[in-house]
Amino acid sequence: TSIGEYAFSGCTGLTSIDIPDSVTSIGYGAFSGCTGLTSIDIPDNVTDVACWAFEGCTGLTSMVIGTSVASINVGMSFSNSGLTSVVIREGVASIGNYAFEGCTGLTNVDIPDSVTSIGYGAFSGCSGLTSVKVPAAMTIIGDGAFSGLSGITSVVIPDSVTSIGNGAFSGCTGLTSVEFGAGLTSIGEYAFSGCTGLTSI
């Protein structure tokens, strides 16, 4: 039912893992430093992924995140991995701080409508992303959430979003147009700083 703390930490020769449906929690640092892992499929029954569970898994290229994981956060530590493909299943409620920071190989992420918030720096530096879909139920876009996404050209903010954080889209040099929703009440400092290509708001 659970994978304990540091269970497979430092197993650099581990290249694949099949997590059974009976597992509901993955412990602190469970797969930290497993540099040989190339893919992870977190089953729908998993509700809790502890801090740094996948820290240092630099070989990861694909990830599937099950429906019961409430939040994708820094605890999963996909930051700066080699991820090129991420599937976030419907049911995930939030993408936390720095979840995918620096994943330059990501070209597309489909954020399901169940997600209501995107945290600080969640996709910061993901320069390979060419499109961003902001879910219809989203209420908050955190500070620096999409900063440095030089490949995106347009963003549509749905009516549900009330706040865009500081520097949320800063440095998105390819961005040419932004459409704000009717529910927006605040735009943070430097939210679109350095968006040199922006011609339409």
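Let's start in the middle of a sheet: strand β5 (residues 62-65) and β7 run parallel and are joined by 4 bridges. This is a predicted model, so take everything below as read from predicted coordinates. The briefing covers two open sheets, a serine in a loop, two tyrosines with positive phi, and one cavity.

**The four-stranded sheet**

- Strands β3, β5, β7 and β9 line up in that order to make an open sheet of 4 strands, with parallel pairing.
- β3 and β9 are the edge strands here, and each of them pairs on one side only.
- Between β5 and β7, Met-63 sits opposite Val-86, which belongs to β7.
- On its way to the edge of the sheet, β7 also runs parallel to strand β9 (residues 109-110), and 2 bridges join them.
- If you want a residue pair to click on there, try Val-87, whose bridge partner in β9 is Asp-110.
- Strand β7 (residues 85-88) has two faces that look quite unlike in cover: Val-86 and Ile-88 are on the covered one, while Ser-85 and Val-87 are on the uncovered one.
- That pattern fits a general rule: side chains in a regular strand alternate between the two faces of the sheet.

**The three-stranded sheet**

- A second open sheet has 3 strands in the order β1-β2-β4, again with parallel pairing.
- β1 (2-3) and β4 (48-49) are at the edges with a single partner strand each, so one side of each has no neighbour in the sheet.
- β1 and β2 pair in the parallel sense through 2 bridges.
- One pair to look for is Ser-2 with Ser-25, its bridge partner in β2.

**Ser-32 and its surroundings**

- You'll find Ser-32 in the loop that links β2 (25-26) to β3 (39-42).
- Is Ser-32 buried or exposed? Its relative accessibility is 8%, and because the cut-off for buried is under 20%, Ser-32 counts as buried.
- A polar atom of the Ser-32 side chain lies 3.0 Å from the backbone oxygen of Gly-29.
- Leaving out residues up to four places away in sequence, Ser-32 touches Tyr-6, Phe-8, Ser-9, Gly-10, Trp-52, Ala-53 and Glu-55.

**Two tyrosines with positive phi**

- Tyr-6, one of the residues that Ser-32 touches, lies in the loop between β1 and β2.
- Phi of Tyr-6 is near 55°, which is positive even though the residue isn't glycine.
- With a relative accessible area of 44%, Tyr-6 is partly exposed.
- Tyr-190 also has phi near 55°, another positive value in a residue other than glycine.
- Look for Tyr-190 in the segment after β15 (186-187).
- Tyr-190 counts as exposed, because its relative accessibility is 63% and the cut-off for exposed is over 50%.

**The cavity**

- Rolling a probe the size of a water molecule over the atoms shows where empty space is left.
- How many cavities of 30 Å³ or more does the structure hold? It holds 1.
- The volume of the largest cavity is about 40 Å³.
- Its lining is made up of Val-109, Ile-111, Phe-123, Leu-129, Ser-131, Val-132 and Phe-146.
- Sorted by class, the lining of the largest cavity has 6 nonpolar residues, 1 polar residue and no charged ones.

How values were computed: Residues are numbered from 1 along each chain as its sequence is written. This is a predicted model: local features need pLDDT of at least 70, side-chain atom pairs count only at pLDDT 80 or more; totals for chains, interfaces and linings use all residues. Side-chain values use heavy atoms; hydrogens and water are left out. Buried means under 20% relative accessible area, exposed over 50%, partly exposed in between (1.4 Å probe, protein chains only). A polar contact is a pair of N or O atoms within 3.5 Å; within protein, one must be able to donate a hydrogen and the other to accept it, and residues adjacent in sequence count only if both atoms are side-chain atoms. Contact means heavy atoms within 4.5 Å. Two strands pair if DSSP finds at least two bridges between them. On a 1 Å grid over the protein atoms alone, a cavity is a set of points where a 1.4 Å probe fits but cannot get out, and a pocket is an open set with protein on both sides within 12 Å along at least five of seven lines; lining residues have an atom within 4 Å of a point. Grid points are joined across faces, edges and corners, and a volume is the space filled by probe spheres set on the points. Ala, Val, Leu, Ile, Met, Phe, Trp, Tyr, Cys and Pro count as nonpolar, Asp, Glu, Lys and Arg as charged, and the others, Gly among them, as polar.
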